[in-house]
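Work through the exercises below with the model open. Each task is followed by its solution.

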Amino acid sequence: MDMKYLMKTSGMAALAAALAFAAMPAQAEAAAKQDETRAERMMQRAERQATAQQSQRSERRAARVERQGDRAAAQIDRRSEQRADRVDRRTDRRAEQFRNNGDNRAARTVERRGDQRAARIERSGDRAARTVDRRSERRAEGIRSRAETQTTRNRSYNDGSRNTTYGGDRTRGDNRRDIRREARRNDRWDERRDDYRRDRQAERRDDYRRDRRASRHDRWDRRTWRNNQRYNWNTYRQYNRNVFRLGSYYAPYRSHRYSRFSIGFHLDNVFFGNRYWINDPWRYRLPAVYGDYRWVRYYDDVMLVDTYTGEVVDVIYDFFW
């Protein structure tokens, strides 16, 4: 009886030990799965935090780009306003000089041209500021689009749909390339349009100057006034030598030496500044001038200069003593 009980007890103990030994791998596997799940959740949390930080950095960068664009546009506006103010002041001074000389028509012409030039400067400044704003907005929008694409990609990766993510990334990559291509096309179009406008403005300005110069030269006839005895400056100079003795000539450049300029030559504007003007042509028996024409002293020569283009329209050599 005791032997049977002992064997029965020993068998039960062995069975319990076998069951306990068989249960240990299952518990270890469950614990490993829990650790793996916990690690995966921690990785996902870290990736979400990294994605959020990246989105914040992208937003800050986009805001910084927009602020830089706004500052650049404001600087362009300030420069255009300052330039327009300088043009206005220069125009006012020049118009006042014309009024002091008794030429009110020329003063009104100068004021009108000064206003037109100031308006053109302001319009060009506004166009440049708008271009800077558009470029900064497109750049900021591109930064935000890339950040949203990266966020979507990270979310898809965290969800485990890697095949879907690959297809979505390829489509989004194509979209990004299309966006960049469209942005480059718009930039090139803006540049071509600005170049076309500048070329058209230069052509109109050249045509205007050419027509204006041709019409002026048609009106100004050198032979007519020189054949008029009323302007016989040569005879008048023989009896009034002191009038034609003006003293030393100070060139605008210290290293400049005398050159014999002929009709049709274009001078730099420093050579026909108001300090070289002959404000009273009749004092030397020269005909009166109109518009932008000015009699100018150059060493011992006297030249009629178109102050708008700098072209020498008429010249008399060795006029002064």
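**Exercise 1.** Classify aspartate 195 as buried or exposed, or in between.

Solution. Aspartate 195 has a relative accessible area of 35%, so it is partly exposed. The cut-offs are under 20% for buried and over 50% for exposed, with partly exposed in between (1.4 Å probe, protein chains only). This is a predicted model: local features need pLDDT of at least 70, side-chain atom pairs count only at pLDDT 80 or more, and totals for chains, interfaces and linings use all residues. Residues are numbered from 1 along each chain as its sequence is written, and side-chain values use heavy atoms, leaving out hydrogens and water.

**Exercise 2.** Find the salt-bridge partner of aspartate 195 and place the pair.

Solution. Take the contact. Aspartate 195 meets arginine 198 in a salt bridge at 2.1 Å, N to O. The term requires a side-chain nitrogen of Lys or Arg within 4 Å of a carboxyl oxygen of Asp or Glu. Now the location. Both residues sit in helix H3, three residues apart, so about one helical turn separates them. Helices (H or I, at least four residues) and strands (E, at least two) are DSSP runs, numbered from the N terminus. Last, accessibility. Arginine 198 is partly exposed at 48%.

**Exercise 3.** Which parts does the salt bridge of aspartate 314 and arginine 226 tie together?

Solution. Start with the distance: the side chains meet at 2.7 Å, N to O. Aspartate 314 belongs to strand E3 (residues 311-316) and arginine 226 to helix H4 (residues 222-226), so the bridge ties parts 88 residues apart in sequence. Then check accessibility. Aspartate 314 is buried at 0%, whereas arginine 226 is partly exposed at 41%.
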